[in-house]
Amino acid sequence: MSLAGLFSQRWPGVALFDLDGTLVDSAPDLAAAIDAMLEQLGRRKAGADNVRQWVGNGASVLVRRALAGQADWEPATPKDDALFNDALAMFYHSYENLNGQHAVLYDGVEECLTRLADHGCRMGIVTNKPEQFVAPLLEQMGIEHWFDISIGGDTLPVRKPDPQPLIHAMTELGGTRGTTVMVGDSVTDISAALAAGIPSVAVRYGYNYGAPVDSLGADAVVDSLAQLL
């Protein structure tokens with residue numbers, strides 16, 4: 001499906017958005033929380049550049065990647081699990097205080113959300129971010145009023161790339177596979193949309209573990225959400 005087919009010829013009835021890396025550049029906050037966790041553990045800081053490559057699969061995977069110092073981490077041993085549980089608690093505590101403090105909206109986000117709302121589109125958030133951090137970040141960014149539903153990584157028993165969070169949000173918002181679009185920045189988002197049977201838009205500026213998004217199978221790939229308009 002072409003970009004024109006997604007938006008220009010017929011505006012979607014429902015638009016679902018990933019959060020980190022799609023609407024909000026939250027890497028500075030996440031990196032600060034990860035570095036605080038690592039410092040508490042007596043380890044070297046990871047830095048924002050590394051953390052940007054590790055975001056996208058939820059807090060648990062982010063912490064495991066930080067402990068391993070790389071995106072690919074080995075299956076845990078019981079000793080590793082004990083360390084992980086402590087590290088995750090440290091990360092949650094740090095991030096709760098940092099959430100939204102240094103994050104910024106990407107260019108084109110406000111314009112896109114405003115135009116969609118003007119055309120009667122209902123919008124939702126479907127993210128792998130823990131639910132407890134979603135609403136505070138939306139409020140801090142001043143965009144909470146655009147969204148009728150938000151699904152976090154622990155809202156349902158499964159998370160992206162499983163299609164169920166998308167299907168649940170779509171159904172709650174009264175959408176169908178023919179009237180709904182998913183907008184995200186990573187293979188996690190596009191794979192979930194493909195599995196759900198709904199069209200998708202990928203943004204090039206987000207967090208896709210360093211890999212290009214153009215080959216993921218999205219119906220459209222853009223450099224800014226303003227391009228959708």
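**Close-up views of a predicted model**

**View 1. Arg52 is partly exposed, with a relative accessible area of 27%.** Everything in these legends comes from a predicted model. The partner to look for in this view is Asp25, which is buried at a relative accessible area of 13%. Buried here stands for under 20% relative accessible area, and partly exposed covers values from there up to 50%. The side chains of Arg52 and Asp25 form a salt bridge, and their closest N and O atoms are 3.1 Å apart. Arg52 belongs to helix 3 (residues 48–54) and Asp25 to strand 2, so this pair ties together parts that are 27 residues apart in sequence.

**View 2. Asp148 and Arg122 form another salt bridge, with closest N and O atoms 3.3 Å apart.** The pair links distant parts of the chain: Asp148 sits in strand 5 and Arg122 in strand 4 (residues 122–126), 26 residues apart. Are these residues buried or partly exposed? Asp148 is partly exposed, with a relative accessible area of 47%. Arg122 is partly exposed as well, at 35%. Elsewhere in the structure, salt bridges that share partners join Asp18, Lys160 and Asp189 into one network. The next views turn to that network.

**View 3. Asp18 is the residue that UniProt, in an unreviewed entry, lists under "active site".** To find Asp18, follow strand 1 (14–17) to its end and step into the loop that leads to strand 2 (24–25). Is Asp18 buried or exposed? Asp18 is buried, because its relative accessible area is 5% and the cut-off for buried is under 20%. What surrounds this residue? Beyond its neighbours within four places in sequence, Asp18 is in contact with several residues, among them Leu23, Val126, Thr127, Met182, Val183 and Gly184. Lys160, Asp185 and Asp189 are also on that contact list. Within its own loop region, look for Thr22: the side chains of Asp18 and Thr22 make a polar contact of 3.0 Å.

**View 4. Asp18 and Lys160 meet through their side chains in a salt bridge of 2.9 Å, N to O.** Asp18 lies in the loop between strand 1 and strand 2, and Lys160 in the loop between strand 5 (147–151) and helix 8 (164–172), so the pair ties together parts that are 142 residues apart in sequence. This pair also counts as a polar contact between side chains, again at 2.9 Å. How accessible is Lys160? Lys160 is buried, with a relative accessible area of 3%. Asp18 is buried too, at 5%. The structure holds eight salt bridges, if you would like to look for others.

**View 5. Helix 9 (residues 187–196) has a set of buried residues that includes Asp189.** Alongside Asp189, the buried residues of this helix are Thr188, Ile190, Ala192, Ala193 and Ala196. Which parts of the structure do they pack against? They pack against helix 8, strand 6 (180–184) and strand 7 (200–203). When you look along the spiral, remember that an α-helix has 3.6 residues a turn, so residues three or four places apart point the same way. Just after the helix comes Gly197, which takes a positive phi of about 80°.

**View 6. Asp18, Asp20 and Asp185 are listed by UniProt, in an unreviewed entry, under "binding site".** These residues are spread over 168 residues of sequence, yet they cluster in space, with a largest C-alpha distance of 8.4 Å. Asp18, Asp20 and Asp185 are also part of the lining of the largest cavity. Where is Asp20 found? Asp20 is in the loop between strand 1 and strand 2, which is where Asp18 is placed too. Asp20 counts as buried, with 10% relative accessibility. Leaving aside its neighbours within four places in sequence, Asp20 is in contact with Ser26, Val55, Lys129, Leu137, Asp185 and Tyr207. Asp185 is a residue to revisit here, as Asp18 is in contact with Asp185 and Asp20 is in contact with Asp185.

How values were computed: Residues numbered from 1 in each chain as written. Predicted model: local features only at pLDDT ≥ 70, side-chain atom pairs only at ≥ 80, totals over all residues. Heavy atoms only, no water. UniProt positions renumbered as here; feature names shortened; annotations may be inferred. Helix = DSSP H or I, 4+ residues; strand = E, 2+ residues; numbered from the N terminus. Buried < 20%, exposed > 50% of the residue type's maximum accessible area, 1.4 Å probe, protein only. Contact = heavy atoms within 4.5 Å. Polar contact = N/O pair within 3.5 Å; in protein donor to acceptor, adjacent residues only side chain to side chain. Salt bridge = Lys/Arg side-chain N within 4 Å of Asp/Glu carboxyl O. 1 Å grid on protein atoms, 1.4 Å probe; cavity = no way out; pocket = protein on both sides within 12 Å on 5 of 7 lines; lining within 4 Å.
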